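The following exercises concern salt bridges and the surroundings of their partners. Work through each task with the sequence and the model in view before reading its solution.

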Amino acid sequence: MDERELQQFLLYLGSALTAAGEAVNQIEEHLLKVAAAYGAPRARVSVLPTYLVVSLEPGQPVTLEPTRQLRGGLRLDQTALVYDVLRAAERGEVSPAAGSEQVLAAVQMPPRFGPVIRTLGHAVLIGGICLILAPTWADILLAVLFGVVVGMMRLAGARWVSAQMIMPVVAAFTVSGATFLLAGTGWADADLRAMVAPLVTFLPGAMLTMGVVELSAYEMITGSSRLVAGALQLLLLAFGIIGAAHVVGVPAPAAEDYVPNTVGWWAPWLGPLVVGIGNYLLLAGPRRSLGWLLLVLYSGWLSQYLGNLVLGGYLSGFIGALVLTLVAYTVERFPSGPPALVSFLPGFWLLVPGVLTLIGVTEYLGQDTVRGSEDLIGATASMVSIALGVLCGHPLFRAVAR
């Protein structure tokens, strides 16, 4: 077998898994299994935030691959195809050259849904997140309308890499400015639920949680990089909200006025269903995966709810993440089940307190520093709790599976 082809395959496969959002310790484990299946049991792999290094034998020259060549994040259907190649490679069923071609084909695959459907999916997803926040009917209407606007902005900004960095600021400024303007003219209430829900797809919940998971696995460089990048994105979102409040002339505390849920007790329970449908449309979920996705989302949501009743808020995140991870990896074992990463990554938008974190940062940068500090501390503790749930879920599943 051509060693250069095997090295190239490992590099492409590792780059694609990195773009999909997998933890680096899991990527290294997968690549070592693939290398052993092709006769290189002594291979060495090192995965870093922007590149990975592969050597087939200790002491031999290494090959380096920048992961940014594979265009960053992957959709759910692309992630599923990459994992299909991974499964075949771990059994040695595909040649390295053919595997490299399949990975590149998955990364370059066009979206299964057109821009109209994806924009609609973004609006549906935002409506589901707003339902989870126990909203008013005005909140839902504003959130869905903003979801359409932000969805169009994301599609337009995806064409330029330089625009993706400032997109959180632009989206936060636009949504917050419109909300404060409507509140100032008396047409709508300035409510954080209507403002934050349209920005939820910018929240780095999965990034922050994976960062904690990687730090727990002693992957210091990648874990620290993810935490810094996630914190920066939160600050950019908060800057857009505070900037809009000052430009429009509405003080930030006006966004803290709270109106109880007027939709009904069922609104938070309907939220995961709507979030699952929105994710499926926005991120092009694999065919026949919607039912599995909803099963995983509701398992995590229900577990977190029951955990909150029995153990309190902080431990509820641990219980929800643990059960969500176990169910996601169990679903992966079924012939029609999607990869675990496909089904439980959308669950972070339900479990990770990204919304609470954003509200805390906004209050801290505004005038209510005491309340903002409390929210930030609570969000940080919840994030660690959820990360530990994910960290414990995978080895627990493997132990039970054996």
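**Exercise 1.** Determine how far apart N and O are in the salt bridge of Arg75 and Asp77, and decide whether Arg75 is buried or exposed.

Solution. The side chains of Arg75 and Asp77 form a salt bridge with an N to O distance of 3.2 Å, the term requiring a side-chain nitrogen of Lys or Arg within 4 Å of a carboxyl oxygen of Asp or Glu. Next, Arg75 is buried at 14% relative accessibility, and Asp77 is buried at 7%, where buried means under 20% relative accessible area, exposed over 50% and partly exposed in between (1.4 Å probe, protein chains only). This is a predicted model, in which local features need pLDDT of at least 70 and side-chain atom pairs pLDDT 80 or more, while totals for chains, interfaces and linings use all residues. Residues are numbered from 1 along each chain as its sequence is written, and side-chain values use heavy atoms, without hydrogens and water.

**Exercise 2.** Find which helices hold Glu214 and Arg226.

Solution. The closest N and O atoms of the salt bridge between Glu214 and Arg226 are 2.8 Å apart. Glu214 belongs to helix 9 (residues 205-216) and Arg226 to helix 10 (residues 220-248), so the pair ties together parts 12 residues apart in sequence; helices here are DSSP runs (H or I, at least four residues), numbered from the N terminus. Both Glu214 and Arg226 are buried.

**Exercise 3.** State how many salt bridges the structure holds.

Solution. The structure holds 7 salt bridges, including one between Glu332 and Arg87, whose closest N and O atoms are 3.7 Å apart.

How values were computed:
Helices (H or I, at least four residues) and strands (E, at least two) are DSSP runs, numbered from the N terminus.
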